[in-house]
Structures are given as C-alpha cells and as structure tokens.
Amino acid sequence: WGAARRLVALVRTGRYDVVHAHGPLLAELTRLASGRTPVVTTSHTMWGALRAPTRLAWRTTASLDEATVAVSSVVAQSLPGRAAARAEVVPHGIDPAALPTPASAEPSEPEPTHEGVIAVTVASHRHAKDYPTLLRALRIAIDAGADLRLVAVGEGPDLPEHEALAATLGLTEAVDFRPPTPDVLYVIASGDLLVVASGVEGQPGGRA
C-alpha cells in the first residue's frame, strides 16, 4: 500500500509528459491518478488468468488509456471488447546485432567447463515457471544417457523448494542455481540450449 500511495502521488505531480504502467493493478491505479497526463499501459498476462476483481477494475478504467500495448498477439486477442481491437502488439525482443559475442563479453565469473551439453534457463523461481517439470525432465535425460548439465539463473520464493527437489532427484552436481546477473547474455551465449519450461507465459515462443 505504501508503494501504491507513492506511485499515485508521483503521477499526480503533473511532472511527466506520459506515464507507462506495466501490469493490471498498476495500470488501474495510474489511470485513476493521471488526470490529464496521457497513460500507456502494457498487458503481459492473458485476460483469463486475471482474477475477477482485477478484470472488473481493468475493464472499468481501460478507456482512460491513451494507448494499450500487449506483449503478444495472443495476449492482445484475449483482452475484452474495444481493448482487443485497439491494442498494439510490441513483442519483447532484442537486437541481435547489438549483442556482444561470447568472445568479446566479459563475464563476472568464469563459466564451468563441461564437455557435454549445457542447457540454460533464465526464469524466476515461481509456480508459473514450472521448474519441477524441468528438473524431472533433466533427470530422465541423464538416466537415458545424456551428458547434460543445467544452469538456472533466477531468484524467487520457490528457490529453496527447487533446490530441495534437485537434491531429492540426485541432481546436485547437474544443476547450477545462480542468482540474477548483468552478465546473463554471456551465460546464455555460453550454453548449448536455452530452455523455457514455463507452464504459463504472456509471450509464448513463436506466437508473438
């Protein structure tokens, strides 16, 4: 609540030419507090995944948007009524040409040497990211003879549970749990596979 009050106070100062809000609850607060300041909101979540009170508040205030952005066509199409028709799709992405090559990048720590396959996942430790399925799949692959290791970059409330599951599955030596790092692009580039195991994503691969 303290953060919400501070956000509303900032928006009401009138110091900003435009206010951009991510997430339904922040969007609703910003719309109501903005006065004449144009508001742009970005929807990351499928409409049906939102709770009923959130959907009601979002629908009630959505007409106050100057522009509505969605992170994928799937998210845009899930929005109700006029919001779906007016939503502009701006997929998350990066310019590959602007990225450093692994040879020129400077990681904060050396990558582990492993002769087999290194899979990398970058995700918060939350239910939607489905680490349990990923860890069980890793166990199955190793049991089938795959020389495979997993580097898991992320933090979140379920990290202790996932570490415990990895230990139970006998994967302590096969999984490297790491905190978030500014060198994450280097970590990805140094792996052989980038894995997305999420059960739910606002922007599923190939459908943006």
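In the protein chain, 67% of the contacts with a separation of 6 or more are made by residues 24 or more positions apart. The model examined here is a predicted one, and its chain of 208 residues has 35% of them counted as buried. The secondary structure comprises 8 helices and 8 strands, while the surface that the chain exposes amounts to about 12,600 Å², of which 57% is supplied by carbon and sulfur atoms.

Two open sheets can be described in turn. One of them is formed by 4 strands in the order β1-β2-β3-β4, with parallel pairing. Its edges are taken by β1 (19-22) and β4 (88-89), each of which has a single partner strand, so that one side of each is left without a neighbour in the sheet. Within this sheet, β2 and strand β3 (residues 67-70) run parallel and are joined by 4 bridges, and T41 has T68 as its bridge partner in β3.

A further open sheet, again of 4 strands with parallel pairing, follows the order β7-β6-β5-β8. Here the edge strands are β7 (175-178) and β8 (193-194), each of them pairing on one side only. Strand β5 (residues 117-122) is paired with strand β6 (residues 148-153) in the parallel sense, and 6 bridges are found between them; A119 stands opposite L150 of β6.

The surroundings of one helical residue, T30, illustrate the packing beside β1 and β2. T30 belongs to helix α2, and its relative accessibility is 2%; because burial is assigned under 20%, T30 counts as buried. When neighbours within four places in sequence are left aside, the residues in contact with T30 are L7, V11, V19, A21 and V39.

The enclosed space of the model was examined next. Empty space that is left between atoms is shown by rolling over them a probe the size of a water molecule. With a threshold of 30 Å³ or more, the count comes to 1 cavity, and the largest cavity holds about 80 Å³ of space. Its lining consists of G23, P24, A27, T41, T42, S43, H44, T45, W47, L50, W58 and L79. The elements that contribute two or more residues to this lining are α2 (24-33) and β2 (39-43), and it is β2 that gives the most, with 3 residues. By class, the residues lining the largest cavity divide into 6 nonpolar and 6 polar, with no charged residue among them. T41 thus appears both in the lining of the largest cavity and in the bridge to T68 of β3, while helix α2, which holds T30, is also one of the elements that supply two or more residues to the cavity lining.

Among the open depressions, the second largest pocket has a volume of about 160 Å³. This pocket is lined by W58, R59, A62, S63, T68, P80, G81, R82, A83 and R86. Two or more lining residues are given by each of α3 (52-61) and α5 (81-86), and the largest share, 4 residues, comes from α5. The lining of the second largest pocket contains 4 nonpolar, 3 polar and 3 charged residues, whereas that of the largest cavity has no charged residues. W58 is listed in the lining of the largest cavity and also in that of the second largest pocket. T68, the bridge partner of T41, is likewise one of the residues that line this pocket.

Conventions:
Residues are numbered from 1 along each chain as its sequence is written. This is a predicted model: local features need pLDDT of at least 70, side-chain atom pairs count only at pLDDT 80 or more; totals for chains, interfaces and linings use all residues. Side-chain values use heavy atoms; hydrogens and water are left out. On a 1 Å grid over the protein atoms alone, a cavity is a set of points where a 1.4 Å probe fits but cannot get out, and a pocket is an open set with protein on both sides within 12 Å along at least five of seven lines; lining residues have an atom within 4 Å of a point. Grid points are joined across faces, edges and corners, and a volume is the space filled by probe spheres set on the points. Ala, Val, Leu, Ile, Met, Phe, Trp, Tyr, Cys and Pro count as nonpolar, Asp, Glu, Lys and Arg as charged, and the others, Gly among them, as polar. Buried means under 20% relative accessible area, exposed over 50%, partly exposed in between (1.4 Å probe, protein chains only). Contact means heavy atoms within 4.5 Å. Accessible areas come from the Shrake-Rupley method with a 1.4 Å probe; for residues, only the protein chains shown count as cover. Two strands pair if DSSP finds at least two bridges between them.
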